[in-house]
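Student: Can we go through a structure together? I'd like to start with how the chains meet.

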Amino acid sequence: MEKAKISAKQLFVLVVLFEMGSAILVGFPLNLKQDAWVAVLLGMAMGVGLFFVYYRLFLYFPDLPLTSYLEKIIGKWPGRIMAYFYILYFAYLAARVLRDFGELLTSTIYTHTPLFFLMSLMIITNAYAIQKGFEVIARVGELFFVVVYLMAIGGFFLIIFSGLIHLENLKPVLESDWIQILKTTFKGTLTFPFGEMVVFTMLLPYLNQAKKAKLVCISGMILSGINFTIATIINITTLGIDLFMRSPYPLLSTISRIQLFNFIERLDVLFMIYLMIAGFIKVAIFYYAAVAGTASLFQFKDYRTISLPIGILILLTALMIASNYTEHIREGLDIVPIYLHWPLQIIVPCLLLVIAFFRNRRKQSKEAAS
Amino acid sequence: MSILTKMLKKKQVQRKNDNFRQKLDHSIPGELLIHKDYQENISRIKGELGNSADLGIRELKIGPYQGALLFIDGLVDGKGINEFILETLMDKKVPIEEFDLFQFVLDQTVALGSVSTITNWNELFDKLLSGCSIILLNGCNKAISGETRGGETRSIAEPTQQLSIRGPKDAFTETLRTNTALIRRRIKSPNLWIESMKIGRVTQTDIAIMYVKGIADEEIVNEVKQRLNRIDIDAILDSGYVEQLIEEQTFTSFPTTYHTERPDVVSSQLLEGRIAIVADGSPFVLTVPAVFVQFFQAPDDYYSRFDLSTSVRMLRILAFFIALIGPSLYIAATTFHQEMIPTTLAIAIAAQRENVPFPAFVEALIMEVTFEILREAGLRLPRAVGQAVSIVGALVIGQAAVQASIVSPVMVIVVSITAIANFSTPVFAMAISARLLRFALMALAALVGFFGIMLGLIVMAIHLCSLRSFGVPYMSPVAPFSGENQQDVFIRYPIWALKYRPRHIARGNIVRTGENQKPAPPKHGNSHESDDTKGN
Amino acid sequence: MNSFIRIFMLLIIVIPLLGGCWNQRELTDLAFVMALGIDKGTGNEKYDVTFQVVVPANVASSQNGGSGGQGPPVVVYKSSGNNLTEASRRATKKIPRELYYSHTSIVVIGEDLAREGILGVLDALDRDPEFRTTTVVIIAKDRKAEDLISVITNLDKLPMNRFIKTLEATEAMLGENIKVTIDDLLQGITSSGKEPVISGFIMEGSTEKGTSPQNINTTKPPAMITADGLAVIRKGKLAGWLDYNNARGAVWLMNKMQGTDIDFNWNGIKDAVSTTPFLSNTKVAVSIKNGKPFANINIETAFKLSEINTDFDNEDPKKIEVLENRVSAQIKSEVESAIKQVQEYKADIFGFGENIHRNHPKIWGEIKHDWGNQFANMDYQINVKSYYRESGLRGKPFWSDLKK
């Protein structure tokens, strides 16, 4: 493990940027029409619940990342195999995020540019950050947090002053039934983005004040959840339900509608800046988790040795996971949540917690007996 | 990057084993004592200096005893030698009884503030070559050195690089002692400590490390000393040499040490807990550790009121960004994101570019390079010619190039705005890094438009965040963010509210201002009136 | 480790070479399409499409840049196809540059095509990343879109600005037209409880003269573009037009009124008093009464007196009350007649259906399939309240002095 220490503030910033990350660009539960925001809020609430599982695990092993304490909980070899799966999972998620951004760029602004080219530029930037270490990523996060927030606030006021918000678009509230909403929450918003907090089990040991982990992560999740909800509501109220449902990137459509004083218009570039920053941070975190996990599993002295091969792996995976955009989105909506997110975000951590709990109790009772 | 550093390291090891180096060294063995016969000593000195013409030798007769006065012409204050050594030596009546000649001369005849005894050759040459006078006495295997440094030096003048509207107008000179005095004059505290050392095998340059004891971080002070001690080089001709030898990272375009020619700036930085490195022969004083935001703080900021200086500082940061991304924005907008430009402007630019044969990137490159050449030439040219060149340059860039359809008028505007914005960064070293990076960003913009610019900026951010200056993160106090150190970053708080020294640099004695420093009108509305009523 | 770094560096060096510049287009390689005209095809193809392309050198006031052109600011190309993409790609046979739609600010649809149905052209405009959905749509009344697009105008060098600015001016001052973007149009078309409207434009004068420089070299242009009426669209087809007061009534009801003038007779003189409402707000609540939808419409407006051409004591509160009532009555009658006419078209441009959907989602589920007929037969009640605010720089008109 790298000898890095980050402060509570930095962790908070990373959580917020990571959670908002690509979700605000592509992760809207479109099938719920005007009730999408309910699913977002529900997802957030359940995500916070899920985070307590990760947090408990962290409390049992405050110095170890997930891939290391797996061995301690379920034994050496099963633990290593499981850790291996987690590393693949993180790398795969990094690839998915990378692909999301690549697709977004090629279908909106860089219509004639090959996907591979854009994605490789992005991964090179990320590889550079990984080389510099986790502390640097955290600091860059802090720097960009300010930029993102200033932009978000600016954009928010521009949308309001352009008179684009039609709150009546939210009506009728809760038209869809609860079963549908719950279904969407479990398949969508809980696992993406809130369940993705599982990656922070790899990063929590870097926090310099372990006590603050709970407060920081949960407040970060809540803040990002609120932002996500606001973004959902703004998109719905601006675009109207029909357009909202037909847009693969609702936020882009919303921003491109801003027209103020006849010259503040065509602000797609704001969107692009956000896209780059959010994409960078999100890929960097998954990428770093995969690299750090591999380094600890295969006992590399310096994780930097393997950062570039894993980067290339992520790039190639991103290129190969789907042959077109539709396939990519279908996988993300139907297959990944059930076969990857559910087991690795929910089932395995919960099982781990149960096992760790009993083992710990046995240990404690032994200690008490002796 | 690491390949390069490795290669450099290998070469360094080789060079250490090289015997060639030794020949350049001061080759006089230090242990050797001074000979009793003064004539022998003189001839030895003459021999070592190769009979250099500026070696002055004055034979002396003190009663029955013989001796000689040696000095380097031009380095010494001639009047001082005449008055305080020669006159007193010659006037003195030598007592007849047995006595210690050496002690007599040392104690009673040399009327100088600083006198010392020299026993070995090394010391003798050091003193002699740094402007002291040496008195050799026949029969003594010791020598006397008197502090007679003087000669022609530049006097204190106004700063030429870092100008300010308000504030002190003196600047450092090439003389170390003058420079330290300029600082000492401002900080009259016994806690201002000066430590000195000599660096440069051949030049033997005096270096002084200054810091305020109790404010500066001892660890950083030690680190500075260590790094200075580590230096093994033949010559230090300017503080720039020192800078390049002690900075943390070579492969960066950002300065990680701060240099200034203003004593007031150095004083304020010393009081913030920084450490100043003064090199003899250089009017630029280095201060470390340096952080990014420091390069946007101009001395004026503190002398004028806070609202003004805050807005000016914001302007400077904006200008830095314009200087950095101005031309690349133009390239990206005109070749990739034409939808971003307002319709009428887009049409106007298109009309102007109609006859320009080059793509926007080449056009921008031509103009930027032309401008850089002009600027560089303007810097080197004799003053009389400079005027003419700038007129020609303005014509070439502004008028002729447009009429010849080599560039479009918009490009001229972009280049000039960029250039002017570049000059508003208070420290040249930071401005020049923006200049360099601008070209990289232009290439990226030509490649993939805004995506490229953003990538470039992200890489730049990563790089900046990874830099450290003497252990202090370069981007602090922004990243890592610390709320209590924001008093002098983007917003310059009113002087009374600048309560603490920057905590990421200073260690002890952190509080700057006392309680209740906020100016306020007296509590009883009109004090005159109340006085009057009391009187009655 | 070193080898990886070498690969890394190699990647960095090679990628730009691989790169090329796929999306890179110089400004001079682009043909800025300012306006797009879509007509019913005259030949075998479904659509005739006209592209109004700007000639930059002729627009920019040429001092240094450009050759200082003398020709018209725009040139119009025509092409045809069974869909927009086909037509646009075919057009490149005639146009020496790549067609660029990001700055297109207006789409003109010919009335023939509008009557037949405009659904076929909308997806291309909505989907294309270059094309802005904030582009304004208008219908060329009784004309081909081509005619409107080909006219060059004075006052605004770019003819397309003519449409936009005229629309904006009349929307703010007269309230008979509204600016409808592709977004609004699509929202209206896709929503089950709402139909869209589109502003109409007519051309006075002859096309031939309008396209020649003659049109801008005279103080009385022989061809003039004029905003005229609102087109009611039903299921993607032009159902009919709302003119003058009916159009204004519809705008009141859609809560889009920014300013207009309301005149009425006094002392037997026709339109003797003129008032200008400048603030207004319309609230609509639709409910079900007696098994039929029922709209309760409340309009509030504040107005100024702008002209009095007879003896009228505008400083008498009682008179003011009468004045307010007259204004209210006038507005009410306009709105009423607008609703009646729209009900004939069976196109719910006011969004009454959407209103039910939002407030009574369950009822909406039952009636939405037959909404057209329901709308045509629905009842409504209109309440108008108007408030007098001020009368300009003068008090009583000079007419009151003349009498003495």
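Tutor: What follows covers the contact between two chains of a predicted model, and then the confidence in one of them.

Student: How many residues does each chain bring to the contact?

Tutor: Chain A contributes 27 residues and chain B contributes 30 residues.

Student: And how much area do the chains bury between them?

Tutor: About 2600 Å² is buried between chain B and chain A, with 76% of it on carbon and sulfur atoms. On the chain B side, the residues that lose the most area to chain A are Phe451(B), Met454(B) and Ile462(B), which together make up 25% of what that side buries.

Student: OK, salt bridges. How many across the interface?

Tutor: The rule finds 1 salt bridge between chain B and chain A. It joins the side chains of Arg468(B) and Glu135(A), at 3.7 Å from N to O.

Student: What about polar contacts, how many residue pairs?

Tutor: There are 8 residue pairs in polar contact across the interface, both residues at pLDDT 80 or more.

Student: Which elements of chain B give two or more residues to that side?

Tutor: Those are α17 (428-448) and α18 (450-466) of chain B. α18(B) gives the most, with 11 residues.

Student: How do the residues on the chain B side divide?

Tutor: Into 20 nonpolar, 8 polar and 2 charged.

Student: Switching topic. What pLDDT does chain A average?

Tutor: Chain A averages 87, and 99% of the residues score at least 70.

Student: Where in chain A is confidence lowest, and where highest?

Tutor: In chain A, strand β2 (residues 264-265) is lowest, at a mean of 74, and helix α1 (residues 8-20) is highest, at 92.

Notes. Residues numbered from 1 in each chain as written. Chains lettered and ligands numbered in written order. Heavy atoms only, no water. Contact = heavy atoms within 4.5 Å. Buried area = accessible area lost by both parts, 1.4 Å probe. Salt bridge = Lys/Arg side-chain N within 4 Å of Asp/Glu carboxyl O. Polar contact = N/O pair within 3.5 Å; in protein donor to acceptor, adjacent residues only side chain to side chain. Helix = DSSP H or I, 4+ residues; strand = E, 2+ residues; numbered from the N terminus. Nonpolar A, V, L, I, M, F, W, Y, C, P; charged D, E, K, R; others polar. pLDDT = per-residue confidence, 0-100.
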